[in-house]
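Please keep the sequence and the coordinates side by side while reading. The paragraphs below go from the overall layout to single residues and the pairs they form.

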Amino acid sequence: MTIWVPRLADEGVRYRAIAESIALAIQSGELAAGQKLPPQRQLADRLGVTVGTVTRAYAEAERQGWVSARVGSGTYVRDSETPAKQEFLASRPLEDGTIDLSLSLPPPHPMRAASLGRVLHEIADEAAVLQRAVEYQPDRGVPAHREQLAAWMTRLGMPPSPSRCWSPREASTASAWPYRH
């Protein structure tokens, strides 16, 4: 079985290039209405990009109304008869009042832009703070965050020590978890 693989330029933002390739393939008839797009992991492997890049590309193609994602089934080329999903803008909820959480953004708030601008200026003014903001965090997490997690778990009746609070990624066995029943 062959899968559709977009032809991408060597330059530019990869997720946008993939989304644009989807649109062009639909417009040219290379992808037909109802046709299933390749699974994200498979397409990522073929293109040599991350799964996150393909996920973002598919979300962008869906936002533009070219495709429709079905949970547990895949992403399909949308036919012109099916209404497109409503566009979500981070600055406001959808017309029916719902907030789209698929982009993992905070809910719209009138103070968000001003607060974000203030924080970005503060970060940009100090080279050390800017460096910390763009670095990966330690695998075991930031000690202050582990302390907060331990305090929260203690309030829930599961008191671990902060040194035992870590990412599930680090726990190779169930016995490595910080709390056992």
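**From the overall layout to single residues**

At 36% relative accessibility, Glu30 counts as partly exposed, and its side chain meets that of Arg7 in a salt bridge with an N to O distance of 3.3 Å. The pair links distant parts of the chain, since Arg7 belongs to the segment before α1 (14-28) while Glu30 sits in the loop between α1 and α2 (40-47), 23 residues apart. Arg7 itself is exposed, with a relative accessible area of 64%. The model in which this pair is found is a predicted one.

To place this pair in its setting, consider the chain as a whole. There are six helices and two strands in the chain, and from the N terminus on these elements run in the order α-α-α-β-β-α-α-α. Of the 181 residues, 25% are buried, and the chain exposes about 12900 Å², of which carbon and sulfur atoms supply 55%. Among the contacts in the chain with a separation of 6 or more, residues 24 or more positions apart account for 39%.

The count of salt bridges comes to three, and the two pairs not yet described each lie within a helix. Arg63 forms a salt bridge with Glu60, their closest N and O atoms being 2.6 Å apart; both residues lie in helix α3 (residues 51-63), three residues apart, which is about one turn of the helix. Glu60 is buried, with a relative accessible area of 16%, whereas Arg63, at 33%, counts as partly exposed. In helix α4 (residues 112-125), Glu122 and Arg118 stand four residues apart, again about one turn of the helix, and their side chains meet in a salt bridge at 3.3 Å, N to O. Here both partners are partly exposed, Glu122 with a relative accessible area of 45% and Arg118 with one of 46%.

Helix α3 deserves a further look, beginning with its length. At 1.5 Å a residue, the 13 residues of α3 should span 18 Å, and the end C-alpha atoms are 18 Å apart, so the expected span and the distance in the model agree. The buried residues of this helix are Thr53, Val54, Ala57, Tyr58, Glu60, Ala61 and Glu62, and what covers them includes α1, α2, β1 and β2. Just after α3, Gly65 takes a positive phi of about 90 degrees.

Further along the chain come the two strands. Strand β1 (residues 67-70) and strand β2 (residues 74-77) pair in the antiparallel sense over four bridges, with Arg70 standing opposite Gly74 in β2. The two strands form a hairpin with three residues between them, and in the turn Gly72 has a positive phi of about 80 degrees.

Which residues does Thr75 touch, leaving aside its neighbours within four places in sequence? Thr75 lies in strand β2, and its contacts are Gln35, Lys36, Leu37, Gln40, Tyr58, Val67, Ser68 and Ala69. Of these, Tyr58 is one of the buried residues of α3. Thr75 counts as buried because its relative accessibility is 8%, and the cut-off for that class is under 20%.

The later part of the chain offers a contrasting position in Gln137, which lies in the loop between α5 (127-134) and α6. With its sequence neighbours within four places left aside, Gln137 is in contact with Arg132 and Val142. Its relative accessible area is 48%, so Gln137 is classed as partly exposed.

Helix α6 (residues 143-155) holds Trp152, a residue that is partly exposed, with a relative accessible area of 45%. Together with Leu149 and Leu156, Trp152 makes a nonpolar surface patch of about 290 Å². Trp152 can belong to such a patch because its 45% accessible area passes the requirement of over 30% that patch residues must meet.

Note on methods: Residues numbered from 1 in each chain as written. Predicted model: local features only at pLDDT ≥ 70, side-chain atom pairs only at ≥ 80, totals over all residues. Heavy atoms only, no water. Patch = residues over 30% accessible without salt bridge, like charges linked within 9 Å, V, L, I, M, F, W, Y side chains within 5 Å. Areas by Shrake-Rupley, 256 points an atom, 1.4 Å probe, with all protein chains shown as cover. Salt bridge = Lys/Arg side-chain N within 4 Å of Asp/Glu carboxyl O. Buried < 20%, exposed > 50% of the residue type's maximum accessible area, 1.4 Å probe, protein only. Pairing = 2+ DSSP bridges. Contact = heavy atoms within 4.5 Å. Expected span 1.5 Å × (residues − 1).
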